Amino acid sequence: MSKGIEFERELRNVLEAAGYSVMRGAGSKGEAFGMAVDLIATRQTGRNSKNAYMVLVQCKVKGRKHRKGVMKASIT
């Protein structure tokens, strides 16, 4: 399995744990606002709110050491 997909899945789990709904565009083929993205995450700002947060993510691991269990992220 590629390092990129492992990183995307790990980040997707972090976002979902923080209450976001996450969609994945495989191989950076997803697009939003003219940008290539791997993950698009959305979450309402409040229970009765029509406003929402949107997070656009492009994951890169090329040229960097990526070891399972090393990547740490927190989303608030």
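**Exercises on strand pairing and salt bridges**

In this structure, L39 stands opposite V57 in β5. The model is a predicted one.

**Exercise 1.** Work out which strands form the sheet and in what order they lie.

Solution.
Step 1. Start from the strand pair that holds V57: strand β4 (residues 39-44) and strand β5 (residues 52-57) pair in the antiparallel sense, over six bridges.
Step 2. Look for another partner of β4. β1 pairs with β4, also antiparallel, over four bridges. Two positions illustrate this pairing: V22 has A41 as its bridge partner in β4, and S21 stands opposite T42 in β4.
Step 3. Put the pairs together. The result is an open sheet of three strands in the order β1-β4-β5, with antiparallel pairing. β1 and β5 are the edge strands, as each pairs on one side only.
Step 4. Add the twist: on average, neighbouring strands of this sheet are turned by 15° against each other, direction ignored.

**Exercise 2.** State which strands α1 touches and how its direction relates to that of β1.

Solution.
Step 1. List the contacts. Helix α1 packs on the sheet and touches β1, β4 and β5.
Step 2. Compare directions. The direction of α1 makes about 160° with that of β1.

**Exercise 3.** Find how many salt bridges there are, taking a side-chain nitrogen of Lys or Arg within 4 Å of a carboxyl oxygen of Asp or Glu as the rule, and place each pair in the fold.

Solution.
Step 1. Apply the cut-off. The count comes to two salt bridges.
Step 2. Take the pair E8 and R24, whose side chains meet at 2.6 Å, N to O. E8 lies in helix α1 (residues 3-17) and R24 in strand β1 (residues 21-24), so this salt bridge ties together parts that are 16 residues apart in sequence.
Step 3. Take the pair E16 and R12, whose side chains meet at 3.2 Å, N to O. Both residues are in helix α1, four residues apart, and are therefore separated by about one helical turn.

**Exercise 4.** Decide for E8, R24, E16 and R12 whether each is buried, partly exposed or exposed, with buried meaning under 20% relative accessible area and exposed over 50%.

Solution.
Step 1. E8 has a relative accessible area of 7%, so E8 is buried.
Step 2. Its partner R24 stands at 38% relative accessibility and counts as partly exposed.
Step 3. E16 has a relative accessible area of 37% and is partly exposed.
Step 4. R12, at 26%, is partly exposed.

Methods
Residues numbered from 1 in each chain as written. Predicted model: local features only at pLDDT ≥ 70, side-chain atom pairs only at ≥ 80, totals over all residues. Heavy atoms only, no water. Buried < 20%, exposed > 50% of the residue type's maximum accessible area, 1.4 Å probe, protein only. Pairing = 2+ DSSP bridges. Axes fitted to C-alpha atoms, helices over the stretch in contact; angles between N-to-C directions. Contact = heavy atoms within 4.5 Å.
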